[in-house]
Amino acid sequence: MAKIVGCITTSHVPAIGGAIAKGLQQDPYWKPFFDGFPHVREWLAKVKPDVVVLVYNDHGLNFFLDKMPTFAIGAADSYSNADEGWGIPQTAPFQGDSELSWHLIEHLVKEDFDLTTCQEMAVDHAFTLPMALCWPDQKWPVRVVPVVVNTVQAPLPSAARCYKLGQALARAIESWPGDQRVVVMGTGGLSHQLDGERAGFINKDFDEKFMASMVDDPAWATKYSTAELVELSGTQGVELLNWMVARGTLPEKVRKEHANYHIPISNTATGLMVLEPAG
Ligand code: DHB
Ligand code: FE
């Protein structure tokens with residue numbers, strides 16, 4: 001059966017794409033952020049995943065406000081990026097795994113998670129930039145399955161529902177016949193707010209508590225409503241719901257392989273974690 005070898009959770013700020021294009025990894029502004037990633041790449045070289053299931057939120061490239069699924073999943077054999085208007089170069093296309101996608105869809109629907117199935121899907125910066133941080137040569141050595149969570153337009157799914165989706169996703173992945181090694185990624189957050197009176201809002205205290213909970217108390221954030229999570233982390237900080245899905249795919253006991261936290265990149269407090277199942 002397929003095996004989940006670990007999770008990577010990371011922020012996904014568009015400006016990262018510009019910094020990569022300009023080679024600014026050693027620039028004093030960018031270095032504390034990019035310095036988080038060599039260790040992630042070493043870990044990936046060690047765990048050698050075949051597939052990445054990447055949980056993120058689309059920002060208007062594939063789904064616009066007129067049609068907003070709460071949860072969606074790709075079922076294509078390839079996925080491409082497109083111009084999102086950020087002025088950043090597009091990445092190389094990604095090889096999908098439609099067979100695995102349909103296995104996940106069948107399993108999840110049986111468990112009453114009725115995801116919107118997308119046989120064509122454009123993937124935005126929340127997908128492409130974390131992949132480019134993990135594999136800077138963009139010669140993707142893995143197949144991918146995108147999972148999209150609505151963190152954008154109210155009403156959002158609860159943290160509890162996202163955590164449970166992760167748990168169901170784990171059962172779905174681990175019932176996939178074969179010996180594929182799977183890494184689950186969750187992107188977005190941590191605290192940031194791009195709009196309104198609180199634009200620029202960052203909450204380091206909350207981010208630190210949330211990152212600690214990812215290790216020792218994975219259901220911690222489920223005690224908050226989505227409105228409370230927006231209050232605590234910002235209107236875009238609530239992208240941490242994608243981290244909750246990813247965390248749900250691991251057992252309660254995990255080992256923290258790596259973490260990094262840096263304020264700010266653009267308007268965002270950036271977080272990075274690598275977690276492995278304990279034992
Ligand atoms: C920024 C952060 C995001 O998560 C995003 O999707 C777009 C922009 C930012 O901080 O600039
Ligand atoms: Fe975002």
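Which side chain makes a polar contact with the side chain of Glu276? Keep that in mind as you read these notes on the model, which is a predicted one.

1. **The opening question.** The answer is Arg255, whose side chain meets that of Glu276 at 2.7 Å. The Arg255 side chain also makes a polar contact with the side chain of Glu257, at 2.5 Å. To find Arg255, look in strand E9, which covers residues 254–265. Arg255 is partly exposed, with a relative accessible area of 40%.

2. **Who else is around Arg255.** If you set aside its neighbours within four places in sequence, Arg255 is in contact with Val274, Leu275, Glu276, Pro277 and Ala278. Try picking out Asp216 as well: this residue is 39 places from Arg255 along the chain, and the two C-alpha atoms are separated by 9.1 Å.

3. **The iron ion.** Now turn to ligand 2, an iron ion coordinated by NE2 of His12, NE2 of His59 and an OE atom of Glu239, at 2.0 to 2.2 Å. Along the chain, these donors follow the spacing H-x46-H-x179-E. His12 sits in the loop between strand E1 (3–10) and helix H1 (15–22), while His59 sits in the loop between strand E2 (51–56) and strand E3 (71–74), so the two histidines tie together parts that are 47 residues apart in sequence. Their surroundings are worth checking too: His12 counts as buried at 4% relative accessibility, whereas His59 is partly exposed at 32%.

4. **Ligand 1.** Some of those residues turn up again here. Ligand 1 is surrounded by a set of residues that includes His12, His59, Glu239, Trp86, His125 and Asn267. Oxygen atoms of ligand 1 lie 2.7 Å from a side-chain N or O atom of His59, 2.8 Å from one of His192 and 2.6 Å from one of Ser266. Taken alone, ligand 1 exposes 300 Å², and the protein buries 95% of that.

5. **The nonpolar cores.** The largest nonpolar core has 53 residues, and Val53, Leu104, Leu115, Ile173, Val184, Phe210 and Met244 are those with the most contacts inside it. Helix H6 (residues 159–173) gives this core its largest share, nine residues. Have a look at Phe210: not counting residues up to four places away in sequence, Phe210 touches Leu190, Trp220, Ala221, Leu240, Trp243 and Met244. There is also a second, separate core of 42 residues, with Val47, Ala72, Ala126 and Phe127 among them.

6. **Asn150, a buried polar side chain.** Asn150 is found in the loop between strand E7 (143–149) and H6, and it is buried, with a relative accessible area of 4%. What does its side chain reach at 2.8 Å? The partner is the backbone oxygen of Gln153. A polar atom of the Asn150 side chain also lies 2.9 Å from the backbone nitrogen of Val152. Beyond its neighbours within four places in sequence, Asn150 is in contact with Met68, Pro69, Thr70, Pro155, Leu156 and Pro157.

7. **Val142, on the other side of E7.** Val142 has its place in the loop between helix H5 (125–134) and E7. Is Val142 buried or exposed? At 3% relative accessibility, Val142 counts as buried. Leaving out residues up to four places away in sequence, Val142 touches Pro49, Asp50, Val51, Val52, Gln95, Met131 and Trp135. Thr116 is 26 residues from Val142 along the chain, and their C-alpha atoms are separated by 23 Å.

Note on methods: Residues numbered from 1 in each chain as written. Chains lettered and ligands numbered in written order. Predicted model: local features only at pLDDT ≥ 70, side-chain atom pairs only at ≥ 80, totals over all residues. Heavy atoms only, no water. Donors = N, O, S within 2.8 Å, 3.2 Å for Na, K, Ca; no water. Helix = DSSP H or I, 4+ residues; strand = E, 2+ residues; numbered from the N terminus. Buried < 20%, exposed > 50% of the residue type's maximum accessible area, 1.4 Å probe, protein only. Core = buried A, V, L, I, M, F, W, Y, C linked by side-chain atoms within 4.5 Å. Contact = heavy atoms within 4.5 Å. Near = heavy atom within 4 Å. Polar contact = N/O pair within 3.5 Å; in protein donor to acceptor, adjacent residues only side chain to side chain. Areas by Shrake-Rupley, 256 points an atom, 1.4 Å probe, with all protein chains shown as cover.
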